[in-house]
Amino acid sequence: MSRFVPVIIYIFFSSNLNIWASDGEPQKKTIKIGGAVRFNIASENYESAARPLDSYIKLDTWFLSVDAGYEDFDLSFQYRLYPGSKAHFIHHAYVGYRLNDSWYAKLGVFQKPFGIAPSASHSWWFQLPYYMGLEDTYATGIGAEYKIEKLSVDMAYFRQAAPKGFLSSEYEDNTVGNSRFSYAVVPTTGLTGANRSKASIRELDQFNMRICYQLTEIAEVGLSGQLGSIYNETLNKRKWNLSWAIHSVFNYRRWNLKAEIIGYNYKSQNDKGELLDAVQMAAYGSPYDVASKGFVYLAGISYTIPIKRKFIKSIEAYVDYSIADKSRAGYNNTHHLIPGVSIASGPIYTYIDMAIGKNHPWLTSNFGEGLAQDSDNARWNSRFNINIGYYF
């Protein structure tokens, strides 16, 4: 991390400097430095929960961000640290250029145009597609955005997943890219039937497109496609796959409704050339199995109450629900239900959630189980969670 300190110091002290043209006139330059510090208060009710340490207060994350602009160019960069996972990494880093009122292009690490933007969720927990690399996912490539009247089209080509970060844990192997913000396929192992085998696979060469249309003042509909390959380094072969999503977003007065259906496919081979029923994906340092093919259904609704008091500006109540339906006999559905509220208090944002899940990799005493086969008689687990963040 020390290598970034001189850069941050330089940016900070140069933020008020003007750039001068040859004729002596100052040219347009903007720069903003921000970030956040967030804490988690949690109480877990999982299969083996009965210990005092199942309730705790922890530092969730802290991050620094820089957003700059010069004439038609802009830059956005964010670096995050997660003490609980002992991981730190680039969240995003890209340079953009506005060609005209309709076209905008960018290069670097940025969000994939797929599904509801910028997120399909209302809660701190995201919706289930996030844990499968299908929501708020970042990768490395080049993209373009086109907007005219009620139509917007986002296109991108990604050579590979977001850069792997740094992981300070003797129990995790980060050479495969386990440490990053977004979930991506990692070259560890996979499942064929009940057999686990080595799979030297990774995402390579992906094309994304999202088309959104504003039907009315309150209703948006969208269609997304994602065509990409999963490359096996040992075999020097790749399998191409197609994922898609259709979505709708409604905003009526203080109400917001989001709905989405996703069909996904992570078609790939193990090092023996056998097709995989489940691949491994990872972020924050820990990999887990994900069914290689299936559907995800989600919906979320929220209602915002303006308070406009000195300490509290607004309260948003919401319920998010999603389900992963895996396209393989014997693989059980994963459920993700998050009722909660978010409270805006100036620079402080608080999420109070009751996360409830079944066959969920993050809501279990056996971390990582749930998005492949798991159990047909799994219990519903829950975690009461309060996330408090100061954003500057």
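**Exercise 1. A buried charged pair**

Both D60 and R38 are buried, and the model in which they appear is a predicted one. Find out what kind of contact D60 forms with R38, and which strands the two residues lie in.

*Solution.* Start with the charged atoms: the closest N and O atoms of D60 and R38 are 3.0 Å apart. A salt bridge requires a side-chain nitrogen of Lys or Arg within 4 Å of a carboxyl oxygen of Asp or Glu, so the contact between D60 and R38 is a salt bridge. Next, place the two residues: D60 belongs to strand 4 (residues 55-70) and R38 to strand 3 (residues 29-45), so the pair ties together parts that are 22 residues apart in sequence. By the same rule, the count for the structure comes to nine salt bridges.

**Exercise 2. A salt bridge that belongs to a network**

Locate the salt bridge between R159 and D205, decide for each partner whether it is buried or partly exposed, and name the network of salt bridges to which they belong.

*Solution.* The closest N and O atoms of R159 and D205 are 2.8 Å apart. This pair links distant parts of the chain, since R159 is found in strand 9 (residues 151-161) and D205 in strand 14 (residues 201-214), 46 residues apart. For the surroundings, take each partner in turn: R159 has a relative accessibility of 40% and therefore counts as partly exposed, while D205, at 10%, counts as buried. Finally, R159 and D205 are linked with R238 in a network of salt bridges.

**Exercise 3. A salt bridge between loops**

Describe where D277 and R328 lie, and state how exposed each of them is.

*Solution.* The side chains of D277 and R328 meet in a salt bridge, at 3.0 Å from N to O. D277 lies in the loop between strand 17 (255-265) and strand 18, whereas R328 lies in the loop between strand 21 (314-326) and strand 22 (334-345), so that the pair links parts of the chain that are 51 residues apart. D277 is partly exposed, with a relative accessible area of 21%, and R328, at 31% relative accessibility, also counts as partly exposed.

**Exercise 4. Classifying two aromatic pairs**

The structure holds 28 aromatic pairs. Classify the pair of F73 and Y97 and the pair of F89 and Y284 by the angle between their planes, and then say where the partners lie.

*Solution.* The planes of F73 and Y97 make an angle of 50°, with 4.6 Å from centre to centre. Planes under 30 degrees apart count as stacked, over 60 as edge-to-face and the rest as tilted, so this pair is tilted. F73 is in strand 5 (residues 73-82) and Y97 in strand 6 (residues 87-98), 24 residues apart. F73 is partly exposed, with a relative accessible area of 44%, and Y97 is partly exposed as well, at 33%.

For F89 and Y284 the angle is 70° and the centres are 6.0 Å apart, which makes the pair edge-to-face. F89 is in strand 6, while Y284 is in the loop between strand 18 (278-283) and strand 19 (286-291), 195 residues apart. F89, at 0% relative accessibility, counts as buried, and Y284 is buried too, with a relative accessible area of 12%. Both F89 and Y284 belong to one aromatic cluster, whose members include Y82, F126, W362 and F367.

**Exercise 5. Charges over rings**

Which rings lie under the charged ends of R80 and K106?

*Solution.* The charged end of R80 sits over the ring of F63, at 4.5 Å from its centre. For K106, the ring is that of Y94, and the charged end sits 5.2 Å from the ring centre.

**Exercise 6. Strand 21 and its neighbours**

Determine how strand 21 pairs with strand 20 (residues 293-306) and with strand 22, and then examine A329.

*Solution.* Strand 20 and strand 21 pair in the antiparallel sense over 13 bridges, and V296 has A324 in strand 21 as its bridge partner. Strand 21 and strand 22 likewise pair in the antiparallel sense, over 11 bridges, with A344 in strand 22 as the bridge partner of S314. A329 lies in the loop between strand 21 and strand 22, and at 67% relative accessibility A329 counts as exposed. From C-alpha to C-alpha, A329 and N174 are 32 Å apart in space, and they are 155 residues apart in sequence.

Technical notes: Residues numbered from 1 in each chain as written. Predicted model: local features only at pLDDT ≥ 70, side-chain atom pairs only at ≥ 80, totals over all residues. Heavy atoms only, no water. Phe/Tyr/Trp six-rings, centres within 6.5 Å; stacked < 30°, edge-to-face > 60°. Helix = DSSP H or I, 4+ residues; strand = E, 2+ residues; numbered from the N terminus. Buried < 20%, exposed > 50% of the residue type's maximum accessible area, 1.4 Å probe, protein only. Lys NZ or Arg CZ within 6 Å of the ring centre and 35° of its normal. Pairing = 2+ DSSP bridges.
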